[in-house]
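Below are some notes for a colleague who is meeting this structure for the first time. Please read them with the model open beside you.

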Amino acid sequence: MSQKTYAYKSLARATRDHGVETLFGLMGDANLFMVDSFVRDCGGTFVPAAHEGSTILMASAYAKVTGKVGVATVTHGPALSNCVTALTEVVRGQVPLVLLAGDTPSDNPRHLQSIDQRELVKVTGAGFEQLRTPDTVGKDVARAFYRAQVERRPIVLNMPADFMWQEAAYEMQVLDVFTTPGGVAEGDVLDNAIGMIASARRPLILAGGGAIAARDQLVRLADRLEAPLATTLQAKGLFNNHPYNMDIFGTLSTPAAYELMQQSDCIICFGSALHEFTTDRGKLMQKKRIVQVDVNPAAIGGGVHPDAALIADAGLAAEQILFWLDEAEIAPSGFTAELDPDILTLHPVGSEKVADGAINYVYALERLETALPKDRILVSDGGRFMTEVWCRISVPDPQSFVSTVNFGSIGLGLQTAIGAGVAVPDRPVVLFNGDGGFMMGGINEFNTAVRLGLDLIVIVANDAAYGAEHIQFIDRKMDPSLTEFQWPSFAQIATSLGGAGVEVRSKDELETALTALAERTGPILIELHLDPDDVPRMRA
């Protein structure tokens, strides 16, 4: 028979029973004792953030890099409301995450911090689970973890504060989840899809975030078809080192790759929802056959209406298509024989013009690409600077790339970088941030990275303006001064917060910064001073 224990200890134990080793959070009235028990009684690690929304982003990056469920905790009321933007970002990024959220005592409806937390969570798109009683802790925690995995989104477990010191028996409850997607296509739709692929003279394979685990199968199919390979942004780096890798498909592609995409007569898409940036608002899908393969039925037809849709696992579908091509003795297309591999991923550098007191942004990125650690994890915040980073800074594999653009917000990057750094402390994390985003979300967490001793490299693209808005005023020949700011020195801020900071206004100063980068002993920030009139436009 199970012994009775306090509910806060049961919550900590139930979390640990699900294999959780690292808990991100910020303590308050409703969760502090649970956090204490998770560390002292259960041997877990607690990573304290400075802002509640940061805990969600840290846990999300941890999940992305490790492949595990991310777990965070906050208290009630304003603590949870501070998580709305971060929760929405993670929902749209389809990341499995559990948020252990305190709630005000159920017997005090006039509590100062009382709010309808279910309705608050609902607007973000996250799921909601209620901790029913202290007796059901094991079952309720198990349900939250189960839903996070199968629904691939954050699930908020709502924990009333008045339960915490109530006693009840705890029984371990873990719902087994078969997480490997199955599904093999069959029938007329499969026959039609294979017919389209077999008759294609210029086939092209596109892989999205849902096909990351199928790299080997997709490469074998591409080689069999003699088709080039491309990825969406979420699968960046998947086909590194393949001779016919085109890198990112769509508005972020190189001129040579874009032209090739237009020439293709059949695009076989695996694990991609085909949104407007991937397809360049549909332009790249015109006058060609589209075969879309995805294990998630909701992904089919959301952006482009395919000619054939297969609800199937990417790897299994690729093997199946390859099998039938061989059975029918279909000849390779010969498409790759027409291509020049050396120019497929070559982005033009453009002019090196620069204003006094500023560094040319593209030049700086090209130099950083060679100087940054090769085994890096790359994180990017949102902003005008980001698309050049995605195109010019490489990653070892898709798991080493995290962007915070699912909700179009800025100011989420540094928190995300910390989560990635905690996930793999033996690898350097490189964050590219804008000046506005750093002011919004970077300053309050940079010291967290210092306290944790992370190997974090922050590159701030500082054009002293909100760049996306600045360029709109310029385009309409209007005064852009309302978008411009005289920020403090971010390099000096980094130093005052316990890290190191270097300002860059010239090529020589960039080399000095790279020397400091090589000699770093903790978090370092490199501030690139840019001309707001000379930062490349977003490629969208």
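1. In this predicted model, six strands form an open sheet, and their order across it is β11-β10-β9-β12-β13-β14, with parallel pairing. The edges are taken by β11 and by β14, which spans residues 308-311, and each of these two strands pairs on one side only. On average, and with direction ignored, neighbouring strands of the sheet are turned by 15 degrees against each other.

2. At the β11 edge, the pairing can be followed residue by residue: strand β10, residues 229-231, runs parallel to β11 and is joined to it by two bridges. On the β10 side T231 takes part, and its bridge partner in β11 is I248.

3. Two helices should be looked at against the sheet. Helix α9, residues 215-225, packs on it and touches β9, β10 and β12 (266-270), while the direction of α9 makes about 170 degrees with that of β9. Helix α11, residues 314-327, lies across β12 and β13 (289-294), and it runs at about 140 degrees to β12.

4. Which residues of helix α10 (residues 255-263) are buried? They are A256, A257, L260 and M261, and because they cover an arc of only 140 degrees around the axis, they lie on the same side of α10. This agrees with the general geometry of an α-helix, which has 3.6 residues a turn, so that residues three or four places apart point the same way.

5. As to what this side of the helix meets, the buried residues of α10 pack against β9 (203-207) and β11 (245-248). Strand β11 is thus worth a second look, being also an edge strand of the sheet.

Note on methods. Residues are numbered from 1 along each chain as its sequence is written. This is a predicted model: local features need pLDDT of at least 70, side-chain atom pairs count only at pLDDT 80 or more; totals for chains, interfaces and linings use all residues. Side-chain values use heavy atoms; hydrogens and water are left out. Buried means under 20% relative accessible area, exposed over 50%, partly exposed in between (1.4 Å probe, protein chains only). Helices (H or I, at least four residues) and strands (E, at least two) are DSSP runs, numbered from the N terminus. The arc is that of the directions from the helix axis to the C-beta atoms. Contact means heavy atoms within 4.5 Å. Two strands pair if DSSP finds at least two bridges between them. Axes are lines fitted to C-alpha atoms, for helices over the stretch in contact, and angles run from 0 to 180 degrees between N-to-C directions.
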